[in-house]
Amino acid sequence: MELISGFSKLSKEEKIKWIAEQLGQSSDELLDQFSSFWHNDPHQQKVFDEFSENTLTNYYMPFGVVPNVILNGETFAVPMTIEESSVVAAASKAAKFWQSRGGFHSEIISTKKIGQVHFLWKGDYNKMYCVFDQAREQMLKDTADITKNMRQRGGGILDIEFLDMRHLDDNYYQIKATFDTCDSMGANFINSCLEQFAKTLQNWVASKEMFTDEERDATIIMCILSNYTPECLVKTWVECPIEELGGADGLIDGLDAKTFAFKFHKAIEIAKNDIYRATTHNKGIFNGIDAVVLATGNDFRAVEACGHTYASRSRQYRSLSDCSIENGIFKFWLEMPIAVGTVGGLTSLHPLSKRSLEMLGNPSAPKLMQIISTLGLAQNFGAIKSLTTTGIQKGHMKMHLLNILRTFEATEKEVKQAVEYFKNNTVSFNAVREFLATVRTHV
Ligand code: MEV
């Protein structure tokens, strides 16, 4: 690829032409392919284009649904946007499994968000600390316009603290603020408040006679929300007597209920202690979480970053979920921070996130936290259940079979034959190739 200046100023067609030239391909062909994914309503396409920059086309992802999710006694059909074939199937199976065992339970522990002003100040912590109440008052006053609507909705700034961070760097201090952003994710709200706090701080130190000349100057390094929100926390769980884990024959995927519970519990212990397993374990949880976060127009990078930090809060990366077997009761839970919104951002701009929220009954942000964590737990339950019983590949390869068949351009008839054949045979790329070769030579 060559370097180019002014790319963003080109029209969409010109951008595609430039890419085609760089690839040595026909620009008509590339334009045909890209435009085949454009929305047929140009107004709607403009909305998609404006979500990002230098947009050429839309990247399609499957939008599916997990029905039968019983959460706190209410039934949901939960939308999921994900490209991995077995995720929706596994979550649906887990939802169905718990449907007859009391469903999922969830509670919100707290909903606070955090923002920081990082600054350098050549002064004494105690001197500032003693008078910081005045600065806090001024910050609240100076942000009154920004916070007015949020306060009317019951949220706003909860606390503003002055922190000594000199153990990390010379002259380094922080303003750490806590917010309640109600049903919005609140990034813009928090960042606007923080930038005002920084201005107020600078004016305030400059005007304080008790400070020396040097102390009258604060160097603001940056103002930004933290995506680590350990106090925006939700806990979701399932529980039942061990014997109820089995079906009518007392078995769960071929294992008796007690052995299953034992192996399941051990699997969680391993994920709590071994970082290699913990990473894959939590990846499975995020299979469920990200898919709902994405379907509802929320920021999955923020939710992931926060979840992984939370998983490391003991200074070792561990499983986000936990399990207990006490007094004959099997309990499996997920406690983690999930900062999302149901108003603002993409939530009402993207037609499918708007529809997703509607499918969920237009929940409040805390309720959405509960729904999202439920899908994380369901996904994790499904994965651990498969891993400790039949193994993961049986289900995975069945789902993957269709992808392999597509690679070989199998006809509808061949797909049907293959699905039948591989009910009792192990799926692999070679096995599918050989099966198709046999079928095709007998035509
Ligand atoms: C695959 O996407 C996710 C799993 O690997 C999760 C797990 O191992 O727990 C199945």
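In this predicted model, N327 is exposed, with a relative accessible area of 81%. The residue sits in the loop between strand β11 (321-326) and strand β12 (329-337), and its backbone carries a positive phi of about 50° although N327 is not a glycine. A second residue can be read in a similar way: E409, which is likewise something other than glycine, has a phi near 50°, and its place is in the loop between α13 (392-407) and α14 (412-421). Because exposure here begins over 50% relative accessible area, E409 counts as exposed at 69% relative accessibility.

From these two loops one can step back to the chain as a whole. Its secondary structure comes to 15 helices and 12 strands, and the C-alpha trace spans about 95 × 70 × 40 Å along its principal axes. Of the 443 residues, 44% count as buried. When contacts with a separation of 6 or more are considered, 70% of them are accounted for by residues 24 or more positions apart.

Turning to the interior, the largest nonpolar core holds 60 residues, and within this core L245, I289 and F330 touch the most other members. Helix α12 (residues 365-388) supplies the largest share of the core, namely nine residues. Apart from this core lies another one, made up of 30 residues, among them M128, F132, Y173 and F189. The surroundings of L245 can be followed residue by residue: leaving aside residues up to four places away in sequence, L245 touches F97, W98, R101, C240, I252, A257, F260, A261 and F330. The last residue in that list, F330, is itself named with L245 and I289 as touching the most other members of the largest core.

The packing of two helices remains to be described. Two packed helices are described by the angle between their axes and the distance between the axes. Helix α1 (residues 12-23) packs against helix α2 (residues 27-36) at an angle of about 125°, and their axes are 9 Å apart. An angle between 115 and 145 degrees falls outside the parallel, antiparallel and perpendicular ranges, and α1 and α2 are therefore oblique to each other. The crossing in which α1 passes α2 is right-handed. On the side of α1, the residues that meet the partner helix are E13, I16, K17, I19 and A20, while α2 contributes S27, L30, L31 and F34. Sorted by class, this contact of α1 with α2 has six nonpolar residues, one polar residue and two charged residues.

Conventions
Residues numbered from 1 in each chain as written. Predicted model: local features only at pLDDT ≥ 70, side-chain atom pairs only at ≥ 80, totals over all residues. Heavy atoms only, no water. Core = buried A, V, L, I, M, F, W, Y, C linked by side-chain atoms within 4.5 Å. Buried < 20%, exposed > 50% of the residue type's maximum accessible area, 1.4 Å probe, protein only. Helix = DSSP H or I, 4+ residues; strand = E, 2+ residues; numbered from the N terminus. Contact = heavy atoms within 4.5 Å. Axes fitted to C-alpha atoms, helices over the stretch in contact; angles between N-to-C directions. Parallel < 35°, antiparallel > 145°, perpendicular 65-115°, else oblique. Left-handed = near helix turned anticlockwise from the far one by under 90°. Nonpolar A, V, L, I, M, F, W, Y, C, P; charged D, E, K, R; others polar.
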